[in-house]
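This report describes one protein chain, going from the overall fold to single residues. Please keep the sequence and the 3D view at hand while reading.

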Amino acid sequence: MLHRNHVLITDEQGFVESIVETKDAGDDVQYFKGMLTPGFINCHCHLELSHMKGKIPNRTGLVSFLITVIQQRGSSPEEIFTAMRNAEQELYNSGTVAVGDICNTADTIGLKQKSKLRYYNFIESLGFSESNAAQRFAFSNTVADQFAQLQTTNHKPQTAIVPHAPYSVSKILFKLINENAAGKTIAIHNQETAAEDELYKTGTGDFLRLYKSAGLDNSSFKPSGKSSLQTYFPLLNKAQNLLLVHNTCISQEDIDFTNQPINQSTNQQVFFCLCPNANLYIEGRMPPFDLLRKNNCNIVIGTDSYASNWSLNMLDEIKRIQHESAFTIATEEILKWATINGATALQMNETLGSFEKGKQPGVVLIDEMVNQHITAKSTAERLL
C-alpha cells in the first residue's frame, strides 16, 4: 500500500518509476480519497465454472456440492464463454491483476489470449483409481500442452499439472504429478471438510457417497491412519511452491508437519490460500485465521468460483476476513496476503505485488475508508 504523504510515479504503461514524498513530487499530482494498493492476486479461481453462478444452493456441504457440480456442469459453449467473459470483467474491474486459475479443459484459452490479466493455469488432474492413473495424467498433459501454446500480448502464461484434492487423486497419480513439478507452483484443495481427514484416517465418511454417486472405483484406496495432508504432502516434494487451498480443517499438527525439513525440498515454500466466502457458501464455516497467523504461515487469498461464491471481488474476501476475525487483523496485513504474498505464490513477484521501481503491479483505489480501515461501504476500483 502507498503510505500517507507519498506519491507514486508511474509511466503510461503503469511501470513504477519511483515513490517520493509529496513535497518532492512537483505540481502535476493526482489526489484520491482512500488508499492506493497494488493490484490484487487471486490465487484460486475456477473460471470454467462461471456459468454455474446461482445454480447450487449454499451450505449443502462439500460432498453434496461436488455431486451437483458433476451432475450440472454441462452447458453450451456459448453460455460457458459468456459467463467466463463476464466473470473476468468483474475480476478486472475490481482490481485483480493475476489469477491462479483451475483448468480441467481448454475452455478458457480463447478468453485468455486477449486478456489483460495474468494467469497461472493449474491443469487439474483427477483419478482416484490407481489402474487409470497413467491415462488420467496423459489427458491432463494434453490439456497442459494446449495451454503451453497460449500466446498473449504482454506475457507468457505459466502452466502446471496439479492434483485436484486428496480424495480424488491416487498415490500413483500424485507421483506422476510430482515428477513434473520441479520449478513450478502446485496447487491442491486441502482439508476443505472434516470428511477428508475421516476418509484418510479410517476409510469411512461422506466421501464414500461421492464415489458411489459418481460411479468411481475406490477399491485401491487404503486409509493411512493419518490426516490427508500428512499422507499426501511428502508426495509433492519436488514442487517449487505448494499452494494449499481452503485449509478449513487444518490442525496445528498438520502445520508442524509441513515445516519438517524431511518433507520438503531445500527451498520449497508452502502457501495457505484462504477462500472464506466459498467456505461460508459451501459449509458455513471459516478457516482458522488465528492458527495460521500464530504459526507465521504464508497466507494468500482466492475467491474460488461463481459456483461457490456470490462474487469474484477480492475486496469481498478481505471484508469477510475482517468481519469473521472481529476486525483484529490489520488492514495492511490482509492486503499483504492479497498482493505480494499472492504474487510470490504464483511466481509473479518480480513484476507484481508491490510498489517497487520497475514493477507493473497495477494500481487499485479502495475508497470509503475510516482511519485507514476498510469498511462495509468500501469499494475497489482499478486505476491502472
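Helices (H or I, at least four residues) and strands (E, at least two) are DSSP runs, numbered from the N terminus. Residues are numbered from 1 along each chain as its sequence is written. This is a predicted model, in which local features need pLDDT of at least 70, side-chain atom pairs count only at pLDDT 80 or more, and totals for chains, interfaces and linings use all residues; side-chain values use heavy atoms, with hydrogens and water left out.

**Overall fold**

The protein has 13 helices and 13 strands. Its radius of gyration is 21 Å, close to the 21 Å that the globule rule gives for 384 residues, so the protein is as compact as a globular protein of that length. The radius of gyration is taken over C-alpha atoms, and the globule rule is 2.2 Å times the number of residues to the power 0.38. Along the principal axes, the C-alpha atoms fill a box of roughly 70 × 45 × 45 Å.

Contact means heavy atoms within 4.5 Å. Of the contacts between residues at least 6 apart in sequence, 74% join residues at least 24 apart.

The exposed surface of the protein is about 16,500 Å², and carbon and sulfur atoms supply 48% of it. Such areas come from the Shrake-Rupley method with a 1.4 Å probe; for residues, only the protein chains shown count as cover. There are 33 positive and 40 negative side chains, and the centres of the two sets lie 3 Å apart. Lys and Arg count as positive and Asp and Glu as negative, while His and the chain ends are not counted. The place of a charge is taken as NZ of Lys, CZ of Arg, CG of Asp or CD of Glu.

**The interior**

Buried means under 20% relative accessible area, exposed over 50%, and partly exposed in between (1.4 Å probe, protein chains only). How much of the protein do buried residues make up? Their share is 55% of the 384 residues.

A nonpolar core is a set of buried Ala, Val, Leu, Ile, Met, Phe, Trp, Tyr and Cys residues joined through side-chain atoms within 4.5 Å. The largest such core has 77 residues, and Phe 40, Leu 243 and Ile 318 have the most contacts inside it. Helix H13 (residues 331–345) gives the most to this core, with six residues. Apart from it lies another core, of 22 residues, including Ile 56, Leu 66, Tyr 200 and Phe 207.

Leu 66 also appears in helix H1 (residues 62–72), where the buried residues include Leu 62, Val 63, Phe 65 and Leu 66. Helix H7 (207–214) and helix H10 (276–283) are among what covers the buried residues of H1.

Neighbours within four places in sequence are left aside in the contacts that follow. Leu 243 is in contact with residues that include Cys 43, Phe 122, Ile 188, Phe 271 and Ala 345. Ile 188 sits in strand S8 (residues 185–190), and its partners include Pro 163, Phe 174, Tyr 232 and Leu 243. The C-alpha atoms of Ile 188 and His 246 are 9.1 Å apart, with their positions 58 residues apart in sequence.

Pro 276 belongs to helix H10. It touches Met 286, Phe 289, Glu 317, Arg 320 and Ile 321.

**Accessibility of single residues**

| Residue | Relative accessible area | Class |
|---|---|---|
| Ile 188 | 1% | buried |
| Asn 247 | 0% | buried |
| Pro 276 | 0% | buried |
| Tyr 92 | 22% | partly exposed |
| Gln 372 | 29% | partly exposed |
| Lys 336 | 46% | partly exposed |

Tyr 92 is found in helix H2 (residues 77–93). Its contacts, not counting residues up to four places away in sequence, are Lys 116, Leu 117 and Arg 382. Between the C-alpha atoms of Tyr 92 and Ser 115, 23 residues apart along the chain, the separation is 9.5 Å. Lys 336 lies in helix H13. Its C-alpha atom and that of Met 84 are separated by 27 Å.

**Two backbone angles**

Most residues other than glycine have a negative phi. Asn 247, not a glycine, has a positive phi of about 60 degrees. Asn 247 is in the loop between strand S9 (241–246) and helix H9 (252–258). Gln 372 is not a glycine either, and has a positive phi of about 65 degrees. The loop that holds Gln 372 runs between strand S12 (363–366) and strand S13 (380–382).
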